[in-house]
Amino acid sequence: MDLAQLYEAWKAISVSGGDLTWWQDFFVKFYQAFIEADRWLQYLEGTGTTLVATALALLMGVILGIAVAMVRTAHDQQRPGRRKNPVLGVVNAIFKVYVTVIRGTPMMLQLMIWAFVVFKSRQYTLVGIFGLGINSGAYVSEIIRGGLMAVDSGQMEAGRSLGLNYLDTMRFIVVPQAVKAILPSLGNEFIILLKDTSLLSVISGQELMYFAQAIGTRNYALMFPLFGAACIYLVLVIIFSWLLGKLERRLRQSDRR
C-alpha cells in the first residue's frame, strides 16, 4: 500500500468518526497540508512570489531612499552663515513629512490604504509590492542618511577645497566611505522586508502566507500550513543572515587592510 492509499484509508476512518492514533492523525493532516493535490507546489509558488516581492520592494526602497537621503543630507550640510536654498528647504520638508508618516503608522494599515482606498485595484500583489517599497524607502533613507552623516564633515570640506562640486564630492569621497556602514544595515532591512511580505496576505496578495492560509481554510486545519510557512520563512532568514554575516566579516577584513 503506497502513501496515497494509506492516506485515503485513514482519512475514511477519520471521516466516519473512527479513532486514529496520534501518528495516523499527524500523517493525514500532514498529507492534506503538503502532498494532496500537489499542494507543495503552492508553497513553492508563494515562496517565489515572496522573494520577488522582497527584491522589488527593496530595489524601490533603495532608489527612493537614496533620493530622500541625498536631499535631506544636502539640506543639513548647507554651510552656516550663507543663504539657504529655499527649493531644497521645501523638498526637504516634504521628505521629512513622508519619513515621519511612514515610520509612524503600521505597515498593514498602509497596505490597506494603498489597496482599498488609493488604487482600488485587484492587482493586490503589485499594489502590495508598491506599498512595501514606499514603506522601505523611509527606513532606507534614514539608513543611508545616517551613513552619510557619519562620515567626518572634514571630508566634505576637503573635497570642496579641491574644486569638486557637491555631487562629485559625495560621489568620489563621502559615499565610498559611507557604503561600508550602510551595507550591513541594508541587509538587515532586506531580512525585515522578507518577513513583512507576509502582510500582503491581508490585502489578498498571493505570497507564501496567502497560500498557507488558503490551504488551511480548505482543510479546516491551519496548524500544519502555518507551521510549514513559518519553517520556510525561518530557513530563508537563516540563509540570508548567514550571507549577511559573511558580508560583514569581509568588510571588517578589508578595514584591517
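**Exercise 1. Place Glu36 in the chain and describe its surroundings.**

Solution. Glu36 sits in the loop between H2 and H3. The model is a predicted one. Next, take the residues that touch Glu36, leaving aside its neighbours within four places in sequence: these are Tyr7, Lys11 and Tyr31. Finally, compare sequence with space for one further residue. Ala4 is 32 residues from Glu36 in sequence, but the C-alpha atoms of Glu36 and Ala4 are 8.3 Å apart.

**Exercise 2. Describe the backbone and the accessibility of Ala37, then do the same for Ser204.**

Solution. Start with Ala37, which is in the loop between H2 and H3. Ala37 is not a glycine, yet its phi is positive, at about 55°. The relative accessible area of Ala37 is 65%. The cut-off for exposed is over 50%, so Ala37 is exposed.

Ser204 belongs to the loop between helix H8 (166–196) and helix H9 (208–219). Ser204 also has a positive phi without being a glycine, with a value of about 70°. With a relative accessible area of 36%, Ser204 is partly exposed.

**Exercise 3. Classify the aromatic pair of Phe26 and Phe30, then that of Phe27 and Tyr31.**

Solution. The count of aromatic pairs comes to 15. For Phe26 and Phe30, the ring centres are 6.2 Å apart and the planes differ by 10°. Planes under 30 degrees apart count as stacked, so the pair of Phe26 and Phe30 is stacked. Both residues lie in helix H2 (residues 22–35), four residues apart, which is about one turn of the helix. Phe26 has a relative accessibility of 42% and counts as partly exposed. Phe30 is partly exposed too, at 34%.

For Phe27 and Tyr31, the centre-to-centre distance is 5.8 Å and the angle between the planes is 45°. That angle falls between the limits for stacked and edge-to-face, so this pair is tilted. Phe27 and Tyr31 are also four residues apart in helix H2, or about one helical turn. The cut-off for buried is under 20%. Phe27, at 16% relative accessibility, is therefore buried, and Tyr31, at 11%, is buried as well.

As a last step, follow the ring pairs outward: they link Phe27 and Tyr31 with Tyr7, Trp10 and Trp23 into a cluster. Tyr7 and Tyr31 also appear among the contacts of Glu36.

**Exercise 4. Describe how H3 packs on H6.**

Solution. Two packed helices are described by the angle between their axes and the distance between the axes. Helix H3 covers residues 40–76 and helix H6 covers residues 124–150; their angle is about 40° and their axes are 5 Å apart. That angle makes H3 oblique to H6. The crossing of H3 with H6 is right-handed. Sorted by class, the contact of H3 with H6 has 19 nonpolar, nine polar and four charged residues.

**Exercise 5. Describe how H7 packs on H8, and list the residues in contact.**

Solution. The axes of helix H7 (residues 153–161) and H8 cross at roughly 140° and come within 9 Å. Roughly antiparallel requires an angle over 145 degrees, so H7 is oblique to H8. H7 and H8 make a right-handed crossing. On the H7 side, the contact is made by Gln155, Met156, Gly159 and Arg160. On the H8 side, Tyr166, Thr169, Met170, Ile173, Val174 and Gln177 take part. By class, this contact of H7 with H8 has five nonpolar, four polar and one charged residues.

Conventions
Residues are numbered from 1 along each chain as its sequence is written. This is a predicted model: local features need pLDDT of at least 70, side-chain atom pairs count only at pLDDT 80 or more; totals for chains, interfaces and linings use all residues. Side-chain values use heavy atoms; hydrogens and water are left out. Axes are lines fitted to C-alpha atoms, for helices over the stretch in contact, and angles run from 0 to 180 degrees between N-to-C directions. Helices (H or I, at least four residues) and strands (E, at least two) are DSSP runs, numbered from the N terminus. Angles under 35 degrees count as roughly parallel, over 145 as roughly antiparallel, 65 to 115 as roughly perpendicular and the rest as oblique. A crossing is left-handed if the near helix is turned anticlockwise from the far one by less than a right angle, and right-handed if clockwise. Ala, Val, Leu, Ile, Met, Phe, Trp, Tyr, Cys and Pro count as nonpolar, Asp, Glu, Lys and Arg as charged, and the others, Gly among them, as polar. Rings of Phe, Tyr and Trp (its six-membered ring) pair if their centres lie within 6.5 Å; planes under 30 degrees apart count as stacked, over 60 as edge-to-face and the rest as tilted. Buried means under 20% relative accessible area, exposed over 50%, partly exposed in between (1.4 Å probe, protein chains only). Contact means heavy atoms within 4.5 Å.
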